[in-house]
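Here are some notes for a colleague who is opening this entry without having seen it before. They are best read with the structure in view.

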Amino acid sequence: MSEKEANQPDEGKQNSQEVDVVIRPMAIDDLAPAFHLGEKLFTLQAFPNLYRIWDEFEIIDFYHGSSEYCFSAFADGKLVGFLLGTVIEKTKRRRYGYLVWTGVDSEYGRLGIASKLFDAYKDACINEKVGMIIVDTQADNYSAIDFFTSRGFGDARDHVYLTLDLKAEQRRQDAH
Ligand SMILES: CC(C)(COP(=O)(O)OP(=O)(O)OC[C@H]1O[C@@H](n2cnc3c(N)ncnc32)[C@H](O)[C@@H]1OP(=O)(O)O)[C@@H](O)C(=O)NCCC(=O)NCCS
């Protein structure tokens, strides 16, 4: 499987006509299913940087700190997608939305669910007089880049993730 293919979630298996989707503000009972969905999506193989940062504290922090910008998507009686965002107030007149995490169960991909989650977040940002929303993701996360582009994002800037392997560094020091 190519790197590009590894990062593409399965095409949705259902027809959008058959699936009723409900988007609502994230509730306390959504935290565990959203966390486990994130574990399914942000794998070490597909998204090493997202994998390393995603943990239960991440979702708890967003729910605690900016629950008005966190949304869940439900279909067939279960959580199938989520979005975790926030708003950063630089000055009274300059506010930025920061969409940090979003994910949709691959069984429900390409049904417009992430778009609906994004619309809910965008409306919340507009209500708070946010002037600009920013997102970032790995450069090889093609499906996310296509998704964000489809929602109107542009002006991409290079952003580089670096890692420092402390265990390898320690092994080198021990060898001397
Ligand atoms: C990216 C992601 C959230 C998109 O969710 P989704 O519900 O399938 O997206 P939508 O159905 O709303 O797609 C809207 C548009 O985005 C684009 N798009 C979405 N997924 C795409 C893909 N895999 N390939 C190409 N374009 C894609 C298309 O233009 C699509 O419109 P269309 O289906 O009419 O062509 C989902 O694939 C996912 O969870 N990926 C893994 C997690 C991730 O990378 N999250 C983002 C970083 S935190």
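1. A good place to begin is helix 5, where Ile 113, Ala 114, Leu 117, Phe 118, Ala 120, Tyr 121 and Cys 125 are buried; please bear in mind throughout that this is a predicted model. Seen down the axis of helix 5, these buried residues fall within an arc of 155°, and they therefore line one face of the helix. An α-helix has 3.6 residues a turn, so residues three or four places apart point the same way.

2. The other side of helix 5, turned away from its buried face, carries the exposed residues Asp 123, Ile 126 and Asn 127. As for what covers the buried residues, the list includes strand 1 (22–25), strand 2 (70–75), strand 3 (78–91), strand 4, strand 5 (132–135) and helix 6.

3. The length of helix 5 can be checked as well: at 1.5 Å a residue its 15 residues should span 21 Å, and because its end C-alpha atoms are 21 Å apart, the two values agree. Just after the helix, Lys 129 takes a positive phi of about 60°.

4. Which residues touch the most other members of the largest nonpolar core? Of the 35 residues in that core, they are Phe 71, Phe 82, Leu 83, Ile 113, Leu 117 and Tyr 121. At least two core residues come from each of helix 2 (31–41), helix 4 (56–66), strand 2, strand 3, strand 4, helix 5 and helix 6, with helix 5 giving the most, at 7 residues.

5. Phe 71 deserves a separate look, since, leaving aside neighbours within four places in sequence, Phe 71 is in contact with Ile 23, Arg 24, Pro 25, Met 26, Phe 82, Leu 83, Leu 117, Ala 120 and Tyr 121.

6. Turning to the ligand, 21 residues surround it, and the closest are Ala 114, Ser 115, Ser 143, Asp 146 and Ser 150. The elements that give two or more residues to this shell are strand 4 (94–104), helix 5 (113–127) and helix 6 (142–150), and helix 6 gives the most, with 5 residues. By character, the shell divides into 9 nonpolar, 10 polar and 2 charged residues.

7. For the overall picture, the protein has 7 helices and 5 strands, which follow the pattern α-β-α-α-α-β-β-β-α-β-α-α along the sequence. Its C-alpha trace spans about 60 × 45 × 35 Å along the principal axes, and buried residues make up 26% of the 176 residues. Among contacts with a separation of 6 or more, 66% join residues 24 or more positions apart.

Terms used: Residues are numbered from 1 along each chain as its sequence is written. This is a predicted model: local features need pLDDT of at least 70, side-chain atom pairs count only at pLDDT 80 or more; totals for chains, interfaces and linings use all residues. A residue is near a molecule or strand if its C-beta atom, placed from the backbone, lies within 6 Å of it. Helices (H or I, at least four residues) and strands (E, at least two) are DSSP runs, numbered from the N terminus. Ala, Val, Leu, Ile, Met, Phe, Trp, Tyr, Cys and Pro count as nonpolar, Asp, Glu, Lys and Arg as charged, and the others, Gly among them, as polar. A residue is buried if 20 or more other C-beta atoms lie within 10 Å of its own, exposed if 12 or fewer, and partly exposed in between; C-beta atoms are placed from the backbone. Two residues are in contact if their C-beta atoms, placed from the backbone, lie within 7 Å. The expected span of a helix is 1.5 Å times one less than its number of residues. The arc is that of the directions from the helix axis to the C-beta atoms. A nonpolar core is a set of buried Ala, Val, Leu, Ile, Met, Phe, Trp, Tyr and Cys residues joined through C-beta atoms within 7 Å.
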